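This briefing goes through one protein model, topic by topic. It starts from a single lysine and then moves to charged pairs, a pocket and the overall fold.

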Amino acid sequence: YKTAIDAKHTDADQSIPVWNGSSRCDPSTAGSFIWSRGTVSVNTWTRPDFRAVVSNPERLDVVGSFLDTIFVRDAEKAMFLDWLSWSLQNEGDKPMWAPFLYSETKGSGKSTLCQLVAKLFGLQNSVTQNNVEKLTSRFNMTVLTSKLVISEEINLKPDSTQSNALKTFITETQTLSERKGAEAEKIDQCCCFLFTSNHLPLWI
């Protein structure tokens, strides 16, 4: 108790953290706390268990066959895999663009691909929603403190407030967000976004 409370030191492991009231996703920080100026934010990111398993990263096996079926153009498959690999290798950062998966019919495998991607990021670090209502709503703090945000069946109208908000979330690392019962606050966000639809948005 003397070491944790009375003594002046910089050892975070031997200190009782003082919560500053905020929470954010920070994959670059190990543990549940993000220390800053003597107080902590709650780190909503947790390391997926499967990453402790040693595997051969060059073998795609059945997943490779699935990707060949999903992406009929090699250039598009390479672009998607580049986005995915960069996002996983640089989890503390965020890409400034987001993949949009479109097919004319249902049952083409878009949702299955999204589920695979969510497992790579960790299901506890991912959130899946229908369209973008929760993401662009007033109380969107829970969504923006996730690492991966999947929006399925997206159907945006040109020049809508939702489309403008979406552009901001994709390209900006800081945003104003709010949770119920609390003041709006500026947060750092490193979200990766993945969208799917059966509606072709030519204006995008």
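Apart from neighbours within four places in sequence, Lys 110 is in contact with Ile 70, Leu 101, Tyr 102, Ser 103, Thr 105, Thr 196, Ser 197 and Asn 198. The model is predicted. Lys 110 belongs to helix α4, which covers residues 110-121.

**Lys 110 and Glu 152**

- Lys 110 counts as buried because its relative accessibility is 10%, and the cut-off for buried is under 20%.
- Glu 152 sits in strand β6, residues 148-152.
- Glu 152 is also buried, and it has no salt bridge.
- Which side chain of opposite charge is nearest to Glu 152? It is Lys 110, at 6.8 Å; a salt bridge requires a side-chain nitrogen of Lys or Arg within 4 Å of a carboxyl oxygen of Asp or Glu.
- Leaving out neighbours within four places in sequence, the contacts of Glu 152 are Ser 111, Thr 128, Gln 129, Asn 130, Asn 131 and Thr 196.
- Thr 196 appears in the contact list of Lys 110 and in that of Glu 152.
- From Lys 110 to Glu 185 the C-alpha to C-alpha distance is 34 Å, with their positions 75 residues apart in sequence.

**Salt bridges**

- The whole structure contains 5 salt bridges, and three of them are described here, beginning with Arg 24 and Asp 26.
- In the bridge between Arg 24 and Asp 26, the closest N and O atoms are 3.8 Å apart.
- Arg 24 is partly exposed, at 22% relative accessibility, whereas Asp 26 is buried, at 10%.
- Lys 77 and Asp 68 form a salt bridge through their side chains, with 2.4 Å from N to O.
- Lys 77 is buried, with a relative accessible area of 19%, while Asp 68 is partly exposed, with 43%.
- Arg 138 pairs with Glu 178 in a salt bridge whose closest N and O atoms are 3.2 Å apart.
- Arg 138 lies in the loop between α5 (133-136) and α6 (141-144), and Glu 178 in the loop between β7 (174-177) and β8 (185-188), so this pair ties together parts that are 40 residues apart in sequence.
- Is Arg 138 buried or exposed? Arg 138 counts as exposed, at 58% relative accessibility, in contrast to Glu 178, which is buried at 14%.

**Second largest pocket**

- The second largest pocket holds about 590 Å³ of space.
- Its lining consists of 20 residues, and those closest to the pocket centre are Phe 71, Glu 76, Phe 100, Leu 101 and Tyr 102.
- Which elements each give at least two residues to this lining? They are α2 (61-70), α3 (74-89) and β4 (100-102).
- By residue class, the lining has 14 nonpolar, 3 polar and 3 charged members.
- Leu 101 and Tyr 102, which are among the residues closest to the pocket centre, are also in contact with Lys 110.

**Overall fold**

- The protein has 7 helices and 9 strands.
- Its C-alpha trace spans about 65 × 45 × 20 Å along the principal axes.
- The protein has 204 residues, of which 36% count as buried.
- Among contacts with a separation of 6 or more, 59% are between residues 24 or more positions apart.

Notes: Residues are numbered from 1 along each chain as its sequence is written. This is a predicted model: local features need pLDDT of at least 70, side-chain atom pairs count only at pLDDT 80 or more; totals for chains, interfaces and linings use all residues. Side-chain values use heavy atoms; hydrogens and water are left out. On a 1 Å grid over the protein atoms alone, a cavity is a set of points where a 1.4 Å probe fits but cannot get out, and a pocket is an open set with protein on both sides within 12 Å along at least five of seven lines; lining residues have an atom within 4 Å of a point. Grid points are joined across faces, edges and corners, and a volume is the space filled by probe spheres set on the points. Helices (H or I, at least four residues) and strands (E, at least two) are DSSP runs, numbered from the N terminus. Ala, Val, Leu, Ile, Met, Phe, Trp, Tyr, Cys and Pro count as nonpolar, Asp, Glu, Lys and Arg as charged, and the others, Gly among them, as polar. Buried means under 20% relative accessible area, exposed over 50%, partly exposed in between (1.4 Å probe, protein chains only). Lys and Arg count as positive and Asp and Glu as negative; His and the chain ends are not counted. Contact means heavy atoms within 4.5 Å.
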